[in-house]
Amino acid sequence: MKTFTFAKPATVAEAVRAVAGTPDAVFLGGGTNLVDHLKLGVARPGRVVDVTGVLAQEIREDGGGLYIGAGVRNSDLAAHLAVRERYPVLAEALLSGASAQLRNMATTGGNPVQRTRCLYFQDVTTPCNKREPGSGCSAIGGATRQHAILGASEGCVATHPSDLAVALAVLDARVHVAGPGGEREIAFTELHRLPGDHPERDTVLEHGELITGFTLPAVPWSRRSAYRKVRDRASYAFALVSVAAGVSLVDGMIDDVRVAFGGVAHKPWRATEAEAVLRGARPGEEVFRAAADAELAGARALEGVDGGNAFKIPLARRTLAAVLRELTTEEPKR
């Protein structure tokens, strides 16, 4: 592990300055992702800036919705009564995300910007464009079972690992950011990037910018929402495919809907094509299949030494249909 200096600022502004002023500085929240990468040699910062003491740990009402401080622990967010009652998709995503011990450490601000769990990214002996731009992508032609079927590029086929991020994408969350240039807000769906020619950049955040919180809007479909995660084992595994969705019904028709996939792309994949098919339709297996087909028309499977990931395409179709079936035939969770 590379030697680094450590700072524990007293304010958000001090934290931003401490990172912005040092090119190889990083923020430290719960450390559940960064510490692993320090041990593996994936992350080699010159300075580590601990922000656990400066980020808000409150969850409060905000214009009918909720404001969630970036310092809130995942376990506290999942257990919060307003989240469980009004945004069940968020609680379900958090509870499927990791062990209780990790949820007790992981922060809401850090979880959505965790880095990929691609085995080649985490193995410093292999070429990886995300870790070392221009070195190549070892996953292409390698082990691809866990990798992307949507939005990939020749430079990177990795997937984003966060369950929380998929739920925030479906909830139309807003991200509050503090940086060297001041404060700004970003639509959560615009926070993450597809790999393109620069897979080393996971998000649109600039160096020194720090997530300080999230706002969830008050929306009629959030109570009728759910998260389903399909994985290789029943717990403590990353998604092969996951689906977050919220639906509002009026007179038996789908009045409004939000859908997002996890485990299939470099970012949480907001399924706008599927939403367009579903909106205004009468729920049923035929329209569910049509929605899945519309969204997955551009899906591309990868071959690999482990059998590849072609199975993800029909799996995504079935998972979406299962979630929509649940949401349109049951009473909303309370």
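Author: Strands are DSSP runs of E with at least two residues, numbered from the N terminus. In this predicted model, Asp256 sits in one of them, strand β11 (residues 253–262).

Reader: Why is Asp256 called buried?

Author: Its relative accessible area is 17%. Buried means under 20%, so Asp256 qualifies as buried.

Reader: Which residues does Asp256 touch, leaving aside those up to four places away in sequence?

Author: Trp221, Gly246, Val247, Ser248 and Arg279 are its contacts.

Reader: What makes the pairing of Asp256 with Arg279 a polar contact?

Author: Their side chains come to 3.0 Å, and the cut-off for a pair of N or O atoms is within 3.5 Å. A second polar contact, of 2.8 Å, links the side chains of Asp256 and Arg258, so that value also meets the cut-off.

Reader: Let's turn to the helices. How do you know how α5 runs relative to α7, parallel or antiparallel?

Author: The axes of α5 (residues 88–95) and α7 (residues 163–170) come within 8 Å and cross at roughly 170 degrees. Angles over 145 count as roughly antiparallel, so α5 is roughly antiparallel to α7. Their crossing is right-handed.

Reader: And what meets what between α5 and α7?

Author: From α5 come Val89, Leu90, Ala93 and Leu94; they meet Asp163, Leu164, Ala167, Leu168 and Val170 of α7. By class, this contact has eight nonpolar, no polar and one charged residues.

Reader: What makes Asp163 the charged one?

Author: Asp counts as charged, while Ala, Val and Leu count as nonpolar.

Definitions and conventions. Residues numbered from 1 in each chain as written. Predicted model: local features only at pLDDT ≥ 70, side-chain atom pairs only at ≥ 80, totals over all residues. Heavy atoms only, no water. Axes fitted to C-alpha atoms, helices over the stretch in contact; angles between N-to-C directions. Helix = DSSP H or I, 4+ residues; strand = E, 2+ residues; numbered from the N terminus. Parallel < 35°, antiparallel > 145°, perpendicular 65-115°, else oblique. Left-handed = near helix turned anticlockwise from the far one by under 90°. Contact = heavy atoms within 4.5 Å. Buried < 20%, exposed > 50% of the residue type's maximum accessible area, 1.4 Å probe, protein only. Polar contact = N/O pair within 3.5 Å; in protein donor to acceptor, adjacent residues only side chain to side chain.
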